[in-house]
Amino acid sequence: MKHKSEFLNFIQERGYLYQCTDAEGLDRLLSQNNHIIAYIGFDCTAPSLHAGHLIQIMMLRHLQKFDYKPIVLLGGGTTKIGDPSGKDKARSVLPIKDINQNISGIKKTLEKMISFNDGKTGAIVVNNADWLDSIKYIDFLRNVGVHFSVNRMLSLDSVKIRLDREQNLSFLEFNYMLLQAYDFVELNKKYGCCLQIGGSDQWGNIVNGIELGKRLNLPELFGLTAPLLLNAQGKKMGKTENGAIWLDGSMLKPYDYWQYFRNVDDQDVGHFLRLFTDLPIDEIKKLESLKDQEINEAKKVLATEVTKICHGEKEAEIARSAAVLAFENEDSSLLPDYIITKEQVANGIPLVDLLHNTSLEPSKGAAKRLIQGNGCKVNDNTINDVNYIINFESFKGQPFMKLSAGKKRHIKVVVG
């Protein structure tokens, strides 16, 4: 579908556009007005965002490129409840101190990826605790809650899934959609924000906000969602068996972040280049057309470009150079370190345990299967004995040894 708005055409071509509450109306507004203010919200359940949030972050960047102003809404208030959308069970209730620490960490991450300033397109950060914490509950129910149908709320997927699976949905969580709808109203009143963007699991919450705006006689509000991000195996993007792909360099090294994208499935390369890089579409089409071994060059470009946006050009180049030297020129000294003590080596460490402890394998069972399948190497020598013990002899007189799981996962085990 061709739009009048360059922004909508752009996000459609790149794969960001999934649903829109009023596509024609939003297209008309965007094509006529270059002072649109849009917001994306992030709850503060961890001290960093992860790769699963990249679509939303890239959308914020693209809004700025098209001369629109983005608002980053941090859920200092709503995190105290927890969004039930897409969740099988309730999140643990976080202490306020932890929520505030998470807000600080998320801000630091976003400041590397989005331009925050006082200019026309400069992003601003707001915390919904600023208005939600001061709500008088009975007044809120009379003024806002009266506009919500419990029948309709029960029909939303975020609620139905939990009820169908007989998982508890607390009344606290049930209030979340009222509060998110109210956020949209507040942002419209305070800043003139007229567009909310979110993942596809936020569709019900977004629609609620738009309908609340209508009932309160606000100017027309719009909602837009991006598709749920799945890789070629149908798994959610952003997490692995070994943990989340954090965007904070102190929680996941830029080198490991680079490696994650270097090792994506061949089928994901073109899709991820569109979503997670600033490369022109013509260049992406050339890269995604590469076949067989040549596709690895496209993966390196993907990994470098994604790391550049998150960690800066210098860190991206360091990660790329280290990977090339480590894997293509066999320089093991550039591999990430895993430190063990002399006492551990003297006592002997089962190879199965070491593979699991270094996170090269998610479990000891997986480590055993790797060894039995001839996929494990110590100093580039294949080990097929599941009872193999790592000791001083394994290090061949060196302060470190190279441990490999398959062709792409390697680590340097160092005696500290």
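In which helix is Ile103 found? Ile103 belongs to helix α4, which covers residues 96-111. The model in view is a predicted one, and this residue is a convenient place to enter it.

Ile103 has a relative accessibility of 7% and therefore counts as buried, the cut-off being under 20%. Leaving aside residues up to four places away in sequence, Ile103 touches Cys44, Leu74, Gly76 and Asn127. A further relation across the chain is with Ser48: the two residues are 55 positions apart in sequence, yet their C-alpha atoms are separated by 8.5 Å. One of the residues touched by Ile103 is Leu74, and the strand β3 spans residues 69-75. That strand leads to the sheet pairing described next.

Strand β2 comprises residues 37-43, and six of its seven residues are buried, so the strand is largely enclosed by the rest of the structure. β2 runs parallel to β3, and seven bridges join the two. Within this pairing, Tyr39 stands opposite Ile71 of β3. The connection between the two strands passes through helix α3, residues 54-65, and the resulting β-α-β crossover is right-handed. β2 is also joined to β5, residues 195-199, again in parallel, by two bridges. Tyr39 takes part here as well, with Gln196 as its bridge partner in β5. Strands of a sheet pair through backbone hydrogen bonds, in either the parallel or the antiparallel sense.

The loop between α3 and β3 contains Asp67. Asp67 is not a glycine, but its phi is positive, at about 70°. With a relative accessible area of 40%, Asp67 is partly exposed.

Helix α10 occupies residues 176-191. Its 16 residues should span 22 Å at 1.5 Å a residue, and the C-alpha atoms at its ends are 22 Å apart, so the expected and modelled spans agree. The helix is mostly covered, since 13 of its 16 residues are buried. An α-helix has 3.6 residues a turn, so residues three or four places apart point the same way. Just after α10 comes Gly192, with a positive phi of about 80°.

A second sheet can be followed further along the chain. It is open, has five strands in the order β9-β15-β14-β11-β12, and its pairing is mixed. β9, residues 337-340, and β12 stand at the edges with a single partner strand each, so one side of each has no neighbour in the sheet. At the β12 edge, the pairing with β11 is antiparallel and extends over two bridges. Lys377 stands opposite Thr382 of β12.

Which loop holds Asn379? Asn379 sits in the loop between β11, residues 376-378, and β12, residues 381-382. Like Asp67 it is a residue other than glycine with a positive phi, here near 50°. Asn379 is partly exposed, with a relative accessible area of 25%.

Thr358 offers a view of another loop, the one between α18 (351-357) and α19 (364-372). Is Thr358 buried or exposed? Its relative accessibility is 9%, so Thr358 counts as buried although it lies in a loop. The side chain of Thr358 reaches the backbone oxygen of Leu355 at 3.2 Å. When residues up to four places away in sequence are not counted, Thr358 touches Tyr338, Leu403 and Ile411. Among these, Tyr338 falls within the residue range of the edge strand β9, 337-340.

The parts described so far belong to a protein with 19 helices and 15 strands. Its radius of gyration is 24 Å, close to the 22 Å that the globule rule gives for 416 residues, so the protein is as compact as a globular protein of that length. Taken along the principal axes, the C-alpha atoms fill a box of roughly 75 × 50 × 40 Å. Of the 416 residues, 50% count as buried. Finally, among contacts with a separation of 6 or more, 73% are between residues 24 or more positions apart. The contacts of Ile103 with Cys44 and Leu74, and those of Thr358 with Leu403 and Ile411, join residues that lie well apart in the numbering.

Conventions: Residues are numbered from 1 along each chain as its sequence is written. Side-chain values use heavy atoms; hydrogens and water are left out. Helices (H or I, at least four residues) and strands (E, at least two) are DSSP runs, numbered from the N terminus. Buried means under 20% relative accessible area, exposed over 50%, partly exposed in between (1.4 Å probe, protein chains only). Contact means heavy atoms within 4.5 Å. A polar contact is a pair of N or O atoms within 3.5 Å; within protein, one must be able to donate a hydrogen and the other to accept it, and residues adjacent in sequence count only if both atoms are side-chain atoms. Two strands pair if DSSP finds at least two bridges between them. A crossover is right-handed if, with the strands pointing away from the viewer, the path from the first strand over the helix to the second runs clockwise. The expected span of a helix is 1.5 Å times one less than its number of residues. The radius of gyration is taken over C-alpha atoms; the globule rule is 2.2 Å times the number of residues to the power 0.38.
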